[in-house]
Each structure stands twice: as C-alpha cells, then as structure tokens.
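Colleague: Could you walk me through this model, one helix at a time? I would love to follow the reasoning.

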Amino acid sequence: MNLIQWLKIYEDITDSLGINRNEDLISSFILSNYINSNENFLKKYHGKNFFIVGNGKNMPEGLNSISGGVVIVADSAVTRFHEYASIKPDIIVTDLDGDINLIHNYYKNGTDLIIHAHGDNINKILKYSSKFPGAMGTTQNIPIKNIKNYFGFTDGDRSAFLAKYLNASSIILIGFCFKEVTIKPYYDENSIAFKKKKLFWARKLLEILASERHKKFIESSVIEI
C-alpha cells in the first residue's frame, strides 16, 4: 500500500463513519506542536518478530504465545495487558483514550509511545501530550511536520501496519476479536454500532495487510499475518 491508496481507503472509512477529515488534519497540526521526536528510536525494532496485542476477550489466552520479539500494545488493551502480562510493552500505540496514568508509568520505564491524532481526541492531545515529550506522532490524514502516516485506522491495525513499515519478520496478532465489541460502561447503542463499524474496517485493513504479506487471514486468538 502507498499513501495514495491509503487516502482512498481513508476516504471510504470516514464517509462510512461520518468522520470529519478536516478535524483529523487540525488534530495533526495541534499534535505536531507537542511532538519533537523523529523515527530514530524505531530503528532498534527493524526486522524483528512483532506481537501486536489488542483488547479482544480472547487476549489473555493468546499472551502465552509471546516469545522474544517486539511487543506492541494497542491503547485499549493497556489495562488488561498490565493485569495479565508479566512484561512491559516495547511500544504503546495510543490515541490517549486509555489509562493515561498507566501509559505514563510504562513510558517513564522505557516503553516507546506513538500518539495518534484524530478529530475526536483534540482535547486529550492538548491535555496530555506534554507528558510524553519523546513520543512520536501519527495521523490517518496527510502526513505533516513531525507527524507520520504508516496507514491504519484503529490502534490495533495501525500497530500492525507499523510493524510492516519496520520490515517485521513476522506479525502475530493477539486479542483481536472482530465479532464482539468490548463494551465500556458509558457506551450507548450508537456507540456500540459505531464500534462495530470500526471493527469491520479494522478486519478489512488487516486482511489487506495479510494479503500484501502473502498470508491468509484466519481469525483466532492468535493470528499470523
């Protein structure tokens, strides 16, 4: 996939979900004011085996498959990963929607952080980004100064696309469940419907990524792509 191809998919995603692309871009510019890092810290991960941890109900049973390699945890999975895993993530991919105190604790103890900008998290970028001066920034819109676009839409599938960008030897998805929404206490019916649409697009994007890597996408508690 290249940027032109991604932007066409991004247009389809945002149209289907009613997302304002201009607000995504504004969020990117705001985040760029807080992020001064570059890609250099990612070099140490190049070419390794990657384990991507999502927040599906089947996540705990899949954690035993982690052996060496680079562990990327999606924002939504951070709390349960902390509960079930005895290791710290190498990277957290976040839109700042998770447990900020826990994410910050991991960050202080050496976990690398990639903060994603989109129209719905502008307030959180303004409130929390200064806590992570060494973080890297990403967007789902056009890349700008300090802000990269490795493709992907949700924290989970963006993590997998990041692994591909880093020329991963293997990409193992853990805790990716596309049939059930992990419901938070404040979700209403509209929120659940929106999350289901996001899961549809996450699966579609991961199927594209698997195809690019000449893998067959087979859903289970542990998925190799």
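**Two helices and their neighbours**

Colleague: What covers the buried residues of helix 8?

Modeller: Happy to help! This is a predicted model, where local features need pLDDT of at least 70, side-chain atom pairs count only at pLDDT 80 or more, and totals for chains, interfaces and linings use all residues. Residues are numbered from 1 along each chain as its sequence is written, and side-chain values use heavy atoms, with hydrogens and water left out. The cover of the buried residues of helix 8 includes helix 1, helix 7 (155-165) and strand 7 (170-174).

Colleague: Which residues of helix 8 are buried?

Modeller: Buried means under 20% relative accessible area, exposed over 50%, and partly exposed in between (1.4 Å probe, protein chains only). Helices are DSSP runs of H or I with at least four residues, and strands are E runs of at least two, numbered from the N terminus. In helix 8, the buried ones are Lys 198, Leu 199, Trp 201, Ala 202, Leu 205, Leu 206, Leu 209 and Ala 210.

Colleague: How far apart are the end C-alpha atoms of helix 8?

Modeller: The expected span is 1.5 Å times one less than the number of residues. For the 24 residues of helix 8 that gives 34 Å, which agrees with the end C-alpha separation of 35 Å.

Colleague: What do the buried residues of helix 1 pack against?

Modeller: In helix 1 (residues 3-17), the buried residues are Trp 6, Ile 9, Tyr 10, Ile 13, Thr 14 and Leu 17. They cover an arc of only 135° around the axis, so they lie on the same side of helix 1. Their packing partners are helix 2 (21-32) and helix 8 (189-212).

Key
The arc is that of the directions from the helix axis to the C-beta atoms. Contact means heavy atoms within 4.5 Å.
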